[in-house]
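Thank you all for coming; I would like to walk you through a structure that may be new to you. Please have the sequence and the model open beside you as we go.

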Amino acid sequence: NELTEDFFSRITELIIEGESYLLLLLLYYMDRAIAVCYGLNVNFEDDIEEIEFLNSNYEETHIILLKKVSCKWGFRRYGNGIRGILNYFYFIVFDPENSIKYKNYSLDSKIIMTNKKSNLRIAISPLTKEKVVVFSKPYERENEITQSKQYWFRVEKLMNENYITELVRKNIYVAGEKRTDILVFPEMLGTRKMLNDIITEIQQNDISVPVPPLIIFPSIWEKTVDDLDNTNKSAIILNGTDIIFEQDKRCDFKDVSETGEYIYEDINRNRKKHNIINTLHIEGIGRLCIVICFDYIDIENRECILKNLQPTLICTPSFSTGSHHFMTADSALMYQECNWVWCNTC
């Protein structure tokens, strides 16, 4: 174990030192040598495990080293640089001055990628085209960062919640009967009660009733007292009963009023608390991220995720009247062999 830890720490030091031929050659052999030792120590006690880092020197190097899971549709190599040399491990570079936090979860591949499995079955369920989300009228408040006055909006409530809950519940079972592996719902059509009630029902059901192994639940917009900690989160559920993580929407959507003024989605006033990017690592699928609606449209945010996390599957719950910006942004994923699942409703 001490030798393994030394290896991981030395790899991160080499990543920082540069890309000379000798350094790359050393990385090449270290990557493959340590993979054997690492593989002997890996044993899933639970279906899902949270993983922080493999290298103990991450605070000094600002690099998080993780096991690289394979992806059946991905490139064999990411060029001839460091990312291409590392075949069994990969790294995330983080800026200690930046408030972004990275959380990583490893899922036992047997949950989805069973023996001789030749395809991945993904379903989307927009749920409804009816107007069910009630938004507030624009209200004015000071922006804590710029100290200037801005207009904001929030979600007040979800109409016909019982009806939407029944649609979600029904479609989970329909997707399960069709042997769906991943089911994706849209943005803002969930509630905390809906999530808890459906999980409780599935837990109480006969185990023979199938549900998709992974469900991206409708994102939940929750308002708080004085709008101090409003959030918009999408939960990923394992086997219908356990929440792996809840991904916050990190970028505020902005609308334009009839008078031409911007109106911002009032979330993440406590930005440091919710500025987290979660990644689910699954052998055979690669790295799965949930990127909610405007988080995907925002170029800087999307490029940060693509470059640093190297996702191979992005799921985007969305609530949008248009498609142009989503479809044009889709081409940005192609060079990295990252597939994209977009579930939109409005």
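Let me begin with a term: a pocket here is an open set of grid points with protein on both sides within 12 Å along at least five of seven lines, and its lining residues are those that have an atom within 4 Å of a point. Please keep in mind throughout that this is a predicted model.

With that term in hand, we can turn to the second largest pocket, which holds about 690 Å³ of space. Its lining is made up of 24 residues, and those that lie nearest its centre are Ile145, Arg250, Cys251, Asp252 and Arg271. Strand 8 and helix 9 are the elements that give two or more residues to this lining, and the largest share, 3 residues, comes from helix 9.

There is also enclosed space to consider, and how many cavities of 30 Å³ or more does the structure hold? It holds 1, and the volume of the largest cavity is about 50 Å³. The residues that line the largest cavity are Gln247, Arg250, Ile277, Cys289, Ile290, Val291, Asp295, Asn301 and Ile305, and strand 18, at 286–290, and helix 9, at 299–309, each supply at least two residues of that lining.

Next, the strands. One open sheet is formed by 4 strands in the order 7-8-16-15, with mixed pairing. Strand 7 (139–142) and strand 15 (254–256) stand at its edges with a single partner strand each, so one side of each is left without a neighbour in the sheet. Direction ignored, neighbouring strands of this sheet are turned against each other by 45° on average. Strand 7 and strand 8, the latter covering residues 149–153, run antiparallel and are joined by 4 bridges; tyrosine 139, for instance, has tryptophan 152 in strand 8 as its bridge partner.

Further along, strand 13 (residues 231–238) and strand 14 (residues 242–248) also run antiparallel, joined by 6 bridges, and isoleucine 236 stands opposite phenylalanine 245 in strand 14. These two strands form a hairpin with 3 residues between them, and asparagine 239, in the turn, has a positive phi of about 55°.

That value deserves a short pause, since most residues other than glycine have a negative phi. Asparagine 268 has a positive phi too, near 60°, and sits in the loop between strand 16 (262–265) and helix 7 (271–274). Is asparagine 268 buried or exposed? With a relative accessible area of 3%, asparagine 268 is buried, because the cut-off for buried is under 20%. Cysteine 293, whose phi is positive and near 40°, lies in the loop between strand 18 and helix 8 (294–297), and cysteine 293 is buried as well, at 6%.

Finally, let us look at helix 5, whose 17 residues, 161–177, reach 25 Å from the first C-alpha to the last, close to the 24 Å expected at 1.5 Å a residue. The buried residues of helix 5, among them Ile164, Leu167, Val168 and Tyr173, pack against strand 9 (155–158), strand 10 (182–184), helix 6 (192–204) and strand 11 (214–216). After helix 5 comes arginine 179, with a positive phi near 60°.

Key: Residues are numbered from 1 along each chain as its sequence is written. This is a predicted model: local features need pLDDT of at least 70, side-chain atom pairs count only at pLDDT 80 or more; totals for chains, interfaces and linings use all residues. Side-chain values use heavy atoms; hydrogens and water are left out. The expected span of a helix is 1.5 Å times one less than its number of residues. Buried means under 20% relative accessible area, exposed over 50%, partly exposed in between (1.4 Å probe, protein chains only). Contact means heavy atoms within 4.5 Å. Two strands pair if DSSP finds at least two bridges between them. Axes are lines fitted to C-alpha atoms, for helices over the stretch in contact, and angles run from 0 to 180 degrees between N-to-C directions. On a 1 Å grid over the protein atoms alone, a cavity is a set of points where a 1.4 Å probe fits but cannot get out, and a pocket is an open set with protein on both sides within 12 Å along at least five of seven lines; lining residues have an atom within 4 Å of a point. Grid points are joined across faces, edges and corners, and a volume is the space filled by probe spheres set on the points.
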